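Thanks for sharing this one. Here are my notes, with the structure first so that you can follow along.

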Amino acid sequence: YLKWQEAVEDIQGLREIYETAQKLPGQVEKLVQGKDLTSAAIIQASTTAISVRAQLNDEMHIHALALAGLERATAGAFRVYPIPAGPR
């Protein structure tokens, strides 16, 4: 149960960060436009967004595994539907 609860909390925290991270490449591109900067900043922002998405996917996987173990241990008495779909 504790693994499942921890995964739920981690997912909720990462979802907030994910929303911000998805907007990051666009915001950096707006800042870089018209200036003599390389595209390294845009690449770094995109890499950060992808990294956050991967972390969220990993936590959703851990959540599913913990929930499956919890349902198996309680012979199906503990039923919680998985957290809705991940990143789009």
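The numbered points below go from the whole chain to the details.

1. Please keep in mind that this is a predicted model. The protein has two helices and zero strands. Its 88 residues include 25% that count as buried.

2. The accessible surface of the protein is about 6,400 Å², and carbon and sulfur atoms account for 58% of that area. As for contacts between residues at least 6 apart in sequence, 71% join residues at least 24 apart.

3. Helix H1 covers residues 2-32, and its length is easy to check. At 1.5 Å a residue, its 31 residues should span 45 Å, and the end C-alpha atoms are 45 Å apart, so the two values agree.

4. You may still want to look at the middle of the chain trace here: H1 has a kink of about 35° at Leu24, shortly before the proline Pro25. Pro25 is also one of the buried residues of H1.

5. Which helix do the buried residues of H1 pack against? They pack against H2, which covers 40-73. Among these buried residues are Ala7, Val8, Ile11, Leu14, Tyr18, Ala21, Val28 and Val32.

6. Trp4 belongs to the buried set of H1 too. Its relative accessibility is 10%, and buried means under 20%, so Trp4 qualifies.

7. On aromatic rings, the count comes to one pair. The ring centres of Tyr1 and Trp4 lie 5.6 Å apart with the planes at 45°, so this pair is tilted. Stacked would need under 30 degrees and edge-to-face over 60.

Conventions: Residues are numbered from 1 along each chain as its sequence is written. This is a predicted model: local features need pLDDT of at least 70, side-chain atom pairs count only at pLDDT 80 or more; totals for chains, interfaces and linings use all residues. Side-chain values use heavy atoms; hydrogens and water are left out. Helices (H or I, at least four residues) and strands (E, at least two) are DSSP runs, numbered from the N terminus. Buried means under 20% relative accessible area, exposed over 50%, partly exposed in between (1.4 Å probe, protein chains only). Contact means heavy atoms within 4.5 Å. Accessible areas come from the Shrake-Rupley method with a 1.4 Å probe; for residues, only the protein chains shown count as cover. Rings of Phe, Tyr and Trp (its six-membered ring) pair if their centres lie within 6.5 Å; planes under 30 degrees apart count as stacked, over 60 as edge-to-face and the rest as tilted. The expected span of a helix is 1.5 Å times one less than its number of residues. The bend at a residue is the angle between axes fitted to the seven residues ending there and the seven starting there.
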